[in-house]
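Student: I would like a close look at a single part of this structure, the largest pocket. What lines it, and how do the parts around it fit into the rest of the chain?

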Amino acid sequence: MAASWLATFLLIVLFAIMWCDWKVQSAAMGRLYDEVYSVPRNRVGLLLGTGPVNIYGEPNPYFARRIDGAARLYAAHRIDTVLISGNHTGSYNEPAMMRAQLVKRGVPAAVIIEDGKGYNTFLSIDRARKVYGQRHFTIISQEFHNERAIYMARNAGLDCVGYNCGNYQARRLSVVRMYLRERLSRLKAVLLHAVGKQ
């Protein structure tokens with residue numbers, strides 16, 4: 001009997017994860033772009049924060065690709081301003097680290113805004129709307145991240161698109177870890193929205 005209940009519970013959880021994944025992907029359909037010049041022009045690009053080093057102490061490929069993506073969008077005149085939203089806690093400052101690299105890539109410091117209170121994806125979207133008054137902007141991150149961010153943005157009544165910066169990871173374990181983490185993050189996002197928390 002216990003095994004039967006466990007199997008039923010696991011099936012329900014699996015179905016919920018698959019359904020939430022579909023919900024997130026559906027919300028982003030037609031709003032993600034891989035090519036710079038196909039991205040609709042928006043005044044602001046929201047660059048979602050991440051650190052330059054991964055959990056293995058190696059260079060974080062997501063960091064470099066997001067910097068490259070934001071710099072390309074600016075150079076192609078697809079955005080005028082880069083709003084970097086990430087974690088600034090104590091001496092750890094994602095926006096400042098990303099800003100320094102953007103400047104090295106030729107993005108003028110004057111068009112870069114740092115938001116150090118974007119501790120997670122929801123807060124980054126929410127603060128872009130409430131603190132910086134933005135309702136139309138381009139989200140800059142990896143495709144899997146952009147899908148979830150656009151789901152959140154649309155739930156908030158925002159009109160956003162996403163520029164995909166590439167999902168490359170050198171380690172197979174990192175790919176699996178990212179995939180599992182993202183599925184759980186999508187489940188959490190959909191459930192929180194359902195109960196009015198996001």
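Tutor: What follows goes from the chain as a whole to the pocket, and then to the elements around the pocket.

The model is predicted. The chain holds 6 helices and 8 strands. In sequence order they follow the pattern α-β-β-α-β-β-β-α-β-α-β-α-β-α. The C-alpha atoms fill a box of roughly 65 × 40 × 35 Å along the principal axes. For 198 residues, a compact globule would have a radius of gyration near 16 Å, and the 18 Å of this chain agrees with that. Buried residues account for 44% of the 198. Of the contacts between residues at least 6 apart in sequence, 73% join residues at least 24 apart.

Now the pocket. Rolling a probe the size of a water molecule over the atoms shows where empty space is left. The largest pocket contains about 960 Å³ of space. Its lining is made of 37 residues, and those nearest the centre are Gly49, Thr50, Arg66, His145 and Arg181. Four elements give two or more residues to this lining: helix H2 (61–75), helix H4 (121–130), helix H5 (143–155) and helix H6 (172–194). By type, the lining residues divide into 13 nonpolar, 17 polar and 7 charged.

Take H6 next, which gives the most to the lining, with 9 residues. H6 has 23 residues and spans 33 Å from its first C-alpha to its last, close to the 33 Å expected at 1.5 Å a residue. Its buried residues are Ser174, Met178, Glu182, Arg183, Arg186, Leu187, Ala189 and Val190. An α-helix has 3.6 residues a turn, so residues three or four places apart point the same way. That spacing is worth keeping in mind when reading the list for H6. The cover over these buried residues includes helix H1 (2–28), H2 and H5. After H6 comes glycine 196, with a positive phi near 80°.

H5 also helps to line the pocket. H5 has 13 residues and reaches 18 Å from first C-alpha to last, close to the 18 Å expected at 1.5 Å a residue. H5 is mostly covered, with 10 of its 13 residues buried. Among them are Phe144, Glu147, Arg148, Ile150 and Tyr151. His145 is on the list of buried residues in H5 as well, and His145 is also one of the residues nearest the centre of the pocket. Glycine 157 follows H5, and its phi is positive, near 80°.

H2 is another of the lining helices. The loop between H2 and strand S3 (81–85) contains histidine 77. Phi of histidine 77 is near 60°, a positive value in a residue other than glycine. Is histidine 77 buried or exposed? Histidine 77 counts as exposed because its relative accessibility is 56%, and the cut-off for exposed is over 50%.

Phenylalanine 137, in strand S7 (residues 136–141), gives the opposite case. Phenylalanine 137 is buried, since its relative accessible area is 1% and buried means under 20%. Leaving out residues up to four places away in sequence, phenylalanine 137 touches Asn42, Val44, Leu46, Ile125, Ala128, Leu158, Asp159, Cys160 and Val161. Two of these, Ile125 and Ala128, fall within helix H4 (121–130), which is also one of the elements lining the pocket.

Terms used:
Residues are numbered from 1 along each chain as its sequence is written. This is a predicted model: local features need pLDDT of at least 70, side-chain atom pairs count only at pLDDT 80 or more; totals for chains, interfaces and linings use all residues. Side-chain values use heavy atoms; hydrogens and water are left out. On a 1 Å grid over the protein atoms alone, a cavity is a set of points where a 1.4 Å probe fits but cannot get out, and a pocket is an open set with protein on both sides within 12 Å along at least five of seven lines; lining residues have an atom within 4 Å of a point. Grid points are joined across faces, edges and corners, and a volume is the space filled by probe spheres set on the points. Ala, Val, Leu, Ile, Met, Phe, Trp, Tyr, Cys and Pro count as nonpolar, Asp, Glu, Lys and Arg as charged, and the others, Gly among them, as polar. The expected span of a helix is 1.5 Å times one less than its number of residues. Buried means under 20% relative accessible area, exposed over 50%, partly exposed in between (1.4 Å probe, protein chains only). The radius of gyration is taken over C-alpha atoms; the globule rule is 2.2 Å times the number of residues to the power 0.38. Contact means heavy atoms within 4.5 Å.
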